[in-house]
Each structure stands twice: as C-alpha cells, then as structure tokens.
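Me: I would like to go through the side-chain contacts of a model and learn how to read each kind of feature. Please give the general idea and then the case at hand.

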Amino acid sequence: MILIVDDDEAIRRGLTLVLKQGGFECVAVGSEAEALAAVRGGDVEVALLDMNLGLSTDGADGLNLLRKIKILSENTAVILITAWGTIPLAVEGLKYGACDFVTKPWTNRDIMARVRGALKERGRAMEDETLESMERRAVIDALRRSDYNLSRAAERLGITRQALYRRMEKYGLQ
C-alpha cells in the first residue's frame, strides 16, 4: 500500500487519483497521528510524505515524522515532497532514511516513476536483510507489543533490561 501524508486535501486527492490510475492501493491522511496509525497497521510499502504538515516551511515536521516512520517500519520506503525544497533539506532527509526527494509541482509521470523505483529498491533491500536489521526489527516489535514497557519488552526478547537499553542505543531507538 502507498501512504500519502499531506495536510492539503487537494494534494491528497490528486496523488490518490494518479496512484489509483496506476494500479496502486493507497491511503491518504492529513496528520502525523493518522500517518503513524497507518504505519502501525503494517501494510505501508511506500510513504509519500509532505515535509511541511503545518504552517512552518522549514521541513522539521516532515523530518520528525520520517524518523518516527523509520523507527516503526524500517522497510517502508519514504519519498519526501515539498514546495520549499533545498539541497540541505534533501540531504538531511536522505540521511534519516528517505529514499527520494520531490519538489512541488511535479509531473504525474515522475511521481509514478519514483514510486515504482522505491518499490523496486524496497524489494531489493528486503532480500538483503541482515541479521542486524532483523534484530532491530525484533526490538521494535517487542517494544510495540509491550506498549513500550521496557521490562516487558526485554522479557519478551529473553534479554535483560540493560541489554535492551544497549540495543536501543545501538539502533537509535531512544
């Protein structure tokens, strides 16, 4: 499924129309809370994420949500979208795990190509999953299933709380 996250309803409708015509299943949401709920649902393969979900145009909203999405679902490919794009903002987004960066306005053909490319890369990445990424995913899953109670998460993983803290630090999950 493709997740569209934008506070502008016209953008959500337009992207939904283009993607559905391209044969993709998609869900469009307008807030961080709705986006995180969709990601927690577990079916999001690619997220098209607006960098500015409020009045601010510095991209901080998008970067914060990008980090949360990658913590919840490391294998979700995230394409950042903004009307206020700068090279430093794109670099920062890529550093936090985005796979692509698109500036508004875009062409429908370009969006389709980028979504297909993200799905292709995501497939390759999942094939090449390492033991380390599997461990990271297991830690995240245990935290989620225990409602982020560290003692219960550690017990679920069969490790001590101290070992869980070390793994959370190792994978940037604080």
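Me: Where does D6 lie?

Reply: One point beforehand: the model is predicted. D6 lies in the loop between β1 (2-5) and α1 (9-21).

Me: Is D6 buried or exposed?

Reply: The class follows from relative accessible area, and buried means under 20%. D6 has a relative accessible area of 2%, so it is buried.

Me: With which residues is D6 in contact, leaving aside its neighbours within four places in sequence?

Reply: D6 is in contact with I11, R12, V29, G30, D50, L53 and K104. With K104 there is also a polar contact between the side chains, at 3.3 Å.

Me: Which residues are linked with D6 in a network of salt bridges?

Reply: A salt bridge here needs a Lys or Arg side-chain nitrogen within 4 Å of an Asp or Glu carboxyl oxygen. The network links D6, D50 and K104.

Me: How far apart are the closest N and O atoms of K104 and D50?

Reply: They are 3.6 Å apart, and the two residues form a salt bridge. This pair links distant parts of the chain, 54 residues apart: K104 is in the loop between β5 (100-103) and α5 (108-127), and D50 is in strand β3 (residues 46-50). In exposure, D50 is buried, with 3% relative accessibility, while K104 is partly exposed at 22%.

Me: What kind of peptide bond joins K104 and P105?

Reply: The way to read this is from omega. The bond between K104 and P105 is cis, with omega about -5°. P105 is placed in the loop between β5 and α5.

Me: How many salt bridges does the count come to?

Reply: The count comes to 10 salt bridges. One of them is between the side chains of K68 and E32, at 2.5 Å from N to O. K68 belongs to helix α3 (residues 60-72) and E32 to helix α2 (residues 32-40), so this salt bridge ties together parts that are 36 residues apart in sequence. Both ends are partly exposed: K68 has a relative accessible area of 35%, and E32 has one of 27%.

Me: Which helix holds R114 and D110, and how far apart are they in sequence?

Reply: They are in helix α5, four residues apart, so about one helical turn separates them. Their side chains meet in a salt bridge, with 2.9 Å from N to O. R114 is partly exposed at 24% relative accessibility, and D110 is partly exposed at 26%.

Me: Which charged end sits over the ring of Y96?

Reply: For a charge over a ring, one looks at the distance to the ring centre and the angle to the ring normal. The charged end of R67 sits over the Y96 ring, 4.3 Å from its centre. K95 also lies over the face of Y96, and its distance from the ring centre is 5.9 Å.

Me: How many aromatic pairs does a search of the whole structure find?

Reply: Such a pair is described by the distance of the ring centres and the angle of the planes. Here the search finds zero aromatic pairs.

Me: How many disulfides does the count come to?

Reply: The cut-off is 2.5 Å between two cysteine sulfur atoms. The count comes to zero disulfides. For C26, the nearest cysteine sulfur is that of C99, 16 Å away, and C26 is in no disulfide. C99 is likewise in no disulfide, with the sulfur of C26 as the nearest, at 16 Å. C26 is buried, with a relative accessible area of 10%, whereas C99 is partly exposed, with 39%.

Me: What is the phi of D147?

Reply: For backbone angles, the sign of phi is read together with the residue type. D147 has a positive phi of about 55°, although it is not a glycine. D147 has its place in the loop between α6 (131-145) and α7 (150-157). With 62% relative accessibility, D147 counts as exposed.

Me: What is the phi of Y148, and where is Y148 found?

Reply: Y148, which is not a glycine, has a positive phi of about 65°. Y148 is found in the loop between α6 and α7. Its relative accessible area is 45%, so Y148 is partly exposed.

Note on methods. Residues are numbered from 1 along each chain as its sequence is written. This is a predicted model: local features need pLDDT of at least 70, side-chain atom pairs count only at pLDDT 80 or more; totals for chains, interfaces and linings use all residues. Side-chain values use heavy atoms; hydrogens and water are left out. Helices (H or I, at least four residues) and strands (E, at least two) are DSSP runs, numbered from the N terminus. Buried means under 20% relative accessible area, exposed over 50%, partly exposed in between (1.4 Å probe, protein chains only). Rings of Phe, Tyr and Trp (its six-membered ring) pair if their centres lie within 6.5 Å; planes under 30 degrees apart count as stacked, over 60 as edge-to-face and the rest as tilted. A charge sits over a ring if NZ of Lys or CZ of Arg is within 6 Å of the ring centre and within 35 degrees of the ring normal. A polar contact is a pair of N or O atoms within 3.5 Å; within protein, one must be able to donate a hydrogen and the other to accept it, and residues adjacent in sequence count only if both atoms are side-chain atoms. Contact means heavy atoms within 4.5 Å.
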